[in-house]
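Me: Hey, can you walk me through this structure? I'll throw short questions at you as I go.

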Amino acid sequence: MRRKLIAGNWKMNGSLSGNQALLNGIKEEIGQANCDVAVCVPAPYLAQCRDSLSATLIGWGGQDLSVHESGAYTGEVSASMLRDFGAKYVIVGHSERRSYHGESDDAVAAKTARALRSGLVPIVCVGELLSEREAGQTAAVVGRQLDAVMAVLSADDLANIVIAYEPVWAIGTGKTATPDMAQEVHALLRKRLAAKSPAAAEKVQILYGGSMKPDNAADLLRMADIDGGLIGGAALKASDFLAIIRAAS
Ligand code: 3PY
């Protein structure tokens, strides 16, 4: 039985005071969450998460990392820098990075490998555009994205990633895949993992992302292959994030 993971993706939102209120709200009400919980925050706020969350079971992470270890890469943040601030997770290949920053499947794969080498748990995002879904290409697109990552990882490493299926048409649009639509893609991703490593397929948490919110979380999370959520907007409000954590617990 895989433990569920609820990870917030704050995207480029936050301020020191606003974050503190949000983190305090989550900490005060989280109680006995029976699932893994994390927040993935803009890099400048990692220290705040470390100071605020170290004594809790809530993990924290970044939203991207450099493919390089160090050097003349202005503006980049390395895996070891994330680790310096106690990060456990890092989101890799979110569709906003793929589309606004031109991240290729190969770059996403290289970042995934870099994260693992540094002891971070990469949350690798895959997902199809609306035009691709309408053209019946969902399986081919997410399969291609996952294959690129699997090509650079050993079976042992593969077991240490988290995958997030995020249909691009459901990100920031308020639209959500139905539980059956999401389950179908999660099951095919797991089958693809199993072809390389049955043990990894059993272990890897496959999260659903794309407008998961309190009123649809329970129905999504009850599906056999949905092992949690990567939460956008609803992670910015303590009561919504907590409601999703409760649905996963
Ligand atoms: C969303 O739900 O909007 C996300 O992109 C989560 O990563």
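Me: Leaving out residues up to four places away in sequence, what does Lys175 touch?
Reply: Setting those sequence neighbours aside, Lys175 touches Trp169, Ala170, Gly210 and Ser211. Keep in mind that this is a predicted model.

Me: Where does Lys175 lie?
Reply: Lys175 is in the loop that runs between strand S6 (162–165) and helix H9 (179–196).

Me: And what separates the C-alpha atoms of Lys175 and Ser211?
Reply: Those C-alpha atoms are separated by 6.4 Å, while Lys175 and Ser211 are 36 residues apart along the chain.

Me: Is Lys175 buried or exposed, or something in between?
Reply: Lys175 counts as partly exposed, because its relative accessibility is 48% and the partly exposed range lies between 20% and 50%.

Me: What about Ser211, buried or exposed?
Reply: Ser211 is buried, because its relative accessible area is 18% and buried means under 20%.

Me: Which loop is Ser211 in?
Reply: Ser211 sits in the loop between strand S7 (206–209) and helix H11 (214–221). Its phi is near 60 degrees, a positive value in a residue other than glycine.

Me: OK, new topic: the ligand. Which residues are around the ligand?
Reply: Around the ligand you'll find Asn9, Lys11, His94, Glu166, Ile171, Gly172, Gly210, Ser211, Leu230 and Gly232. So Ser211, which Lys175 touches, is also one of the residues around the ligand, because the cut-off for being near is a heavy atom within 4 Å.

Me: How does that shell split by class?
Reply: The shell has two nonpolar, six polar and two charged residues.

Me: What's 2.8 Å from a ligand oxygen on the Lys11 side?
Reply: An N or O atom in the side chain of Lys11 is 2.8 Å from an oxygen atom of the ligand. For His94, an N or O atom of the side chain is likewise 2.8 Å from a ligand oxygen.

Me: And which part of Ser211 is 3.0 Å from a ligand oxygen?
Reply: With Ser211, it's a polar backbone atom that is 3.0 Å from an oxygen atom of the ligand. Taken alone, the ligand exposes 230 Å², and the protein buries 97% of that.

Me: Back to Lys11 for a sec. Where is Lys11 found?
Reply: Lys11 is in the loop between strand S1 (5–9) and helix H1 (16–29). Lys11 has a positive phi of about 55 degrees, although it is not a glycine.

Me: Switching again: how many disulfides does a search of the whole structure find?
Reply: The search finds zero disulfides. Take Cys40: the nearest cysteine sulfur, that of Cys125, is 9.1 Å away.

Me: Why is there no bond for Cys125?
Reply: Because the closest cysteine sulfur, in Cys40, is 9.1 Å from the sulfur of Cys125, and that is too far for a bond. The cut-off for a disulfide is 2.5 Å between the sulfur atoms.

Me: Are those cysteines buried or exposed?
Reply: Cys40 counts as buried at 0% relative accessibility, and Cys125 counts as buried at 1%.

Me: Last one: which residues is Asn19 in contact with, leaving aside neighbours within four places in sequence?
Reply: With those neighbours left aside, Asn19 is in contact with Trp10, Gly14, Tyr45 and Gln48. Asn19 lies in helix H1, and at 3% relative accessibility Asn19 counts as buried.

Conventions. Residues are numbered from 1 along each chain as its sequence is written. This is a predicted model: local features need pLDDT of at least 70, side-chain atom pairs count only at pLDDT 80 or more; totals for chains, interfaces and linings use all residues. Side-chain values use heavy atoms; hydrogens and water are left out. A polar contact is a pair of N or O atoms within 3.5 Å; within protein, one must be able to donate a hydrogen and the other to accept it, and residues adjacent in sequence count only if both atoms are side-chain atoms. Accessible areas come from the Shrake-Rupley method with a 1.4 Å probe; for residues, only the protein chains shown count as cover. Ala, Val, Leu, Ile, Met, Phe, Trp, Tyr, Cys and Pro count as nonpolar, Asp, Glu, Lys and Arg as charged, and the others, Gly among them, as polar. Buried means under 20% relative accessible area, exposed over 50%, partly exposed in between (1.4 Å probe, protein chains only). Helices (H or I, at least four residues) and strands (E, at least two) are DSSP runs, numbered from the N terminus. Contact means heavy atoms within 4.5 Å.
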